[in-house]
Amino acid sequence: MKILAFETSCDETSVAVVENGKNVLSNIISSQIDIHKEYGGVVPEIASRHHIENILPVFNEAMEKAECTLKDIDYIAVTNTPGLIGSLLVGLMFAKSLSYSNDIPVIPVNHIDGHIFSSFIENDIKLPAISLVVSGGHTNLYYINENLETELIGETLDDAVGESYDKVARILDLPYPGGPEIEKISTFGEDTLKIKKPDVDNFDFSFSGIKTYVTNFVNREKMKNHKINKEDIAKSFQETVVKVLYDKVIKALAEKKVKTVLVAGGVSANKRLREKFKELPENVEIHFPKFEYCTDNGAMIGAAAYYKLKNKKSFEKNKYDIDAESTKEKNRK
């Protein structure tokens with residue numbers, strides 16, 4: 001089964017061809033980081049305009065690299081939610097146009113499902129499992145049962161973890177995106193701030209207090225004309241955040257009695273996070289996606305669509321969903 005997949009939920013235009021959920025024949029990504037860097041974050045209108053410019057050449061490159069034509073494609077997968085409305089529409093309209101003109105069924109995919117199943121591409125996952133999705137827009141904790149049914153058991157009550165990295169980086173006058181910059185300079189720092197972890201019930205997260213602590217500390221030091229040690233602040237911030245994520249996963253493992261952990265999303269590329277999760281008990285398997293599948297990409301959408309088709313009952317339909325089996329009939333009408 002060959003699936004042509006589109007991901008345009010934020011500022012990456014990505015098209016991939018995935019065979020049987022694991023064999024990635026192509027995964028082309030056009031990033032807009034350099035464009036949005038001067039604004040300190042993603043500007044939705046600019047992002048959608050660049051998706052319009054990029055999607056056709058990225059599609060052509062993906063098909064060429066995969067060495068296939070649309071006649072070889074069994075399904076078209078596309079991110080339909082969540083994300084920036086203008087960006088999502090570019091991918092959705094392009095995918096639907098291809099579907100209509102080539103009589104190929106469309107599979108809508110939730111962006112977060114894409115991140116969850118990015119770990120399935122190169123790993124054989126033993127279920128049930130706990131899945132932690134950490135990115136610029138999401139910090140969610142899921143329980144996945146043997147039938148690939150996902151249950152949201154925890155989420156951030158305020159900022160996403162990646163968003164917190166960006167905001168703290170801005171406070172420290174570090175360039176966008178903040179995650180890689182904080183990770184880089186933290187290796188030269190010491191955990192001197194000893195930031196208190198937020199006291200949040202159950203499996204939910206909160207990062208606004210950590211961000212506020214850092215903001216207030218930096219402002220106080222500036223008012224006193226003290227030198228700001230960015231390396232120590234970055235180290236303290238990162239250690240606190242990583243410990244929060246780790247402790248919640250440990251708690252979920254104990255309560256749900258599972259022995260498999262999946263960590264995905266842009267922040268899963270963080271080396272300190274990966275290092276910390278190596279401390280999980282020896283009887284627990286930990287899986288991270290390959291680095292190129294951590295940030296938004298088409299391959300993860302193709303993988304999620306494959307498992308959606310394979311396990312139809314595992315995925316809830318929503319008002320935007322399209323029934324792949326009836327798409328051809330609808331197109332004929």
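## Ala-299 and its contacts

Beyond four places in sequence, Ala-299 touches six residues by name: Ala-16, Val-18, Val-24, Asn-27, Ile-121 and Tyr-293. The model is predicted. Ala-299 sits in helix α10, which spans residues 298–310. Its relative accessible area is 0%, so Ala-299 is buried.

One of these contacts bridges a long stretch of chain. Val-18 and Ala-299 are 281 residues apart in sequence. Their C-alpha atoms are separated by 6.3 Å.

## Two domains

The chain divides into two domains. Domain 1 takes in 2–116 and also 294–311. Domain 2 covers 125–288. Ala-299 belongs to helix α10, and residues 294–311 are assigned to domain 1. Taken over C-alpha atoms, the centres of the two domains are 27 Å apart.

## The domain interface

The size of an interface is often given as the accessible area lost when the parts come together. Here domain 1 and domain 2 bury about 1300 Å² between them. Carbon and sulfur atoms account for 71% of that area. In residues, 17 from domain 1 are in contact with 19 from domain 2.

How many salt bridges are counted between domain 1 and domain 2? The count is 0. Polar contacts are found across the interface of the two domains: the rule gives 2 residue pairs, both at pLDDT 80 or more. On the side of domain 1 that touches domain 2, α1 (33–36) and α4 (111–118) each supply at least two residues. The largest share comes from α4, with 5 residues. By class, this side of domain 1 has 7 nonpolar, 7 polar and 3 charged residues.

## Helix α4

Helix α4 is mostly covered, with 8 of its 8 residues buried. They are His-111, Ile-112, Asp-113, Gly-114, His-115, Ile-116, Phe-117 and Ser-118. This is also the helix that gives 5 residues to the side of domain 1 touching domain 2.

The N-terminal end of α4 is capped by Asn-110. A side-chain oxygen of Asn-110 lies 2.8 Å from the backbone nitrogen of Ile-112.

## Buried side chains that reach backbone oxygens

Ser-99 is in helix α3. Its relative accessibility is 3%, so Ser-99 counts as buried. A polar atom of the Ser-99 side chain lies 2.6 Å from the backbone oxygen of Ile-104.

Thr-260 is in strand β9. At 3% relative accessibility, Thr-260 also counts as buried. Here the partner is Lys-126: its backbone oxygen lies 2.8 Å from a polar atom of the Thr-260 side chain. Leaving aside neighbours within four places, the contacts of Thr-260 include Ile-125, Lys-126, Pro-128, Ala-129 and Ile-130. Leu-253, Val-284, Glu-285 and His-287 are also in contact with Thr-260.

## Backbone exceptions

Most residues other than glycine have a negative phi, and most peptide bonds are trans. Which peptide bonds depart from trans here? Thr-81 and Pro-82 are joined by a cis bond, with omega about -15°. Pro-82 lies in the loop between β4 (75–81) and α3 (85–102). That α3 is the helix that holds Ser-99. The bond from Tyr-176 to Pro-177 is cis as well, with omega near -5°. Pro-177 is placed in the loop between α5 (161–171) and α6 (178–186).

Asp-173 lies in the loop between α5 and α6. It is not a glycine, yet its phi is positive, about 60°. Asp-173 has a relative accessible area of 57%, so it is exposed. Lys-257 is another residue other than glycine with a positive phi, near 55°. Lys-257 lies in the loop between α8 (230–256) and β9 (260–264). Its relative accessibility is 71%, so Lys-257 counts as exposed. Strand β9, on one side of that loop, is where Thr-260 lies.

Key:
Residues numbered from 1 in each chain as written. Predicted model: local features only at pLDDT ≥ 70, side-chain atom pairs only at ≥ 80, totals over all residues. Heavy atoms only, no water. Domains from an automatic or database assignment. Contact = heavy atoms within 4.5 Å. Buried area = accessible area lost by both parts, 1.4 Å probe. Salt bridge = Lys/Arg side-chain N within 4 Å of Asp/Glu carboxyl O. Polar contact = N/O pair within 3.5 Å; in protein donor to acceptor, adjacent residues only side chain to side chain. Helix = DSSP H or I, 4+ residues; strand = E, 2+ residues; numbered from the N terminus. Nonpolar A, V, L, I, M, F, W, Y, C, P; charged D, E, K, R; others polar. Buried < 20%, exposed > 50% of the residue type's maximum accessible area, 1.4 Å probe, protein only.
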